[in-house]
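Trainee: I should like to learn how to read surface and side-chain features in a model of this kind. Might we take them one at a time?

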Amino acid sequence: AYSREILRDFDKSESQPETCTISVPAVLLLQEAAEHHLTCILQDGYLCTLHARNVTLETRDILLARRIRNKSTY
């Protein structure tokens with residue numbers, strides 16, 4: 001449902017009104033990739049939580065994990 005809204009917005013932004021279609025396997029692949037990315041960020045954030053000897057995952061842990069991950073990829 002949400003992907004259809006994105007495609008409708010994309011169609012409106014194009015100069016020529018064309019109909020975009022996206023296959024079901026493509027949507028499932030995007031969903032799988034998004035879930036994997038989010039899971040990895042949450043796992044890394046939880047490792048930061050454990051390192052700080054805390055129990056609860058907090059926003060600052062996730063931000064730290066994202067910052068570390070982005071610096072290590074370059």
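**Reading the surface and its pairs**

Mentor: Let us begin with the surface of this predicted model. L38, L42, Y46, L47, L50 and L57 together make up a nonpolar surface patch, with a combined accessible area of about 530 Å².

Trainee: Where is Y46 found, and is Y46 buried, partly exposed or exposed?

Mentor: Y46 lies in helix α2, which covers residues 24-51. Its relative accessibility is 39%, so Y46 counts as partly exposed. Patch members must have over 30% relative accessible area, and the value of 39% for Y46 is to be read with that cut-off in mind.

Trainee: How should salt bridges be read, and how many does the structure hold?

Mentor: As a general idea, side chains of opposite charge can pair when their charged atoms come close. The structure holds 2 salt bridges. One of them joins D44 to R69, with 2.5 Å between the closest N and O atoms. This pair links distant parts of the chain, since D44 belongs to helix α2 and R69 to helix α3, 25 residues apart.

Trainee: Are D44 and R69 buried, partly exposed or exposed?

Mentor: D44 has a relative accessible area of 23% and is therefore partly exposed. R69 is also classed as partly exposed, because its relative accessibility is 34%.

Trainee: Which side chain meets E58 in a salt bridge?

Mentor: The partner of E58 is R60, at an N to O distance of 2.9 Å. E58 counts as partly exposed, given a relative accessibility of 35%. R60, by contrast, reaches 52% and so counts as exposed; the cut-off for that class is over 50%.

Trainee: What does the backbone angle phi tell a reader, and what is phi of R53 near?

Mentor: Most residues other than glycine have a negative phi. In R53, a residue other than glycine, phi is positive, near 60°. R53 is placed in the loop between α2 and α3, the latter helix covering 59-72. With a relative accessible area of 76%, R53 is exposed.

Trainee: Finally, what separation do the C-alpha atoms of Q43 and A65 have?

Mentor: Separation along the chain and separation in space are to be read side by side. Q43 and A65 are 22 residues apart along the chain, and their C-alpha atoms are separated by 8.9 Å. Q43 is located in helix α2. Its relative accessible area of 49% makes Q43 partly exposed, because the exposed class requires over 50%.

Note on methods:
Residues numbered from 1 in each chain as written. Predicted model: local features only at pLDDT ≥ 70, side-chain atom pairs only at ≥ 80, totals over all residues. Heavy atoms only, no water. Patch = residues over 30% accessible without salt bridge, like charges linked within 9 Å, V, L, I, M, F, W, Y side chains within 5 Å. Areas by Shrake-Rupley, 256 points an atom, 1.4 Å probe, with all protein chains shown as cover. Salt bridge = Lys/Arg side-chain N within 4 Å of Asp/Glu carboxyl O. Helix = DSSP H or I, 4+ residues; strand = E, 2+ residues; numbered from the N terminus. Buried < 20%, exposed > 50% of the residue type's maximum accessible area, 1.4 Å probe, protein only.
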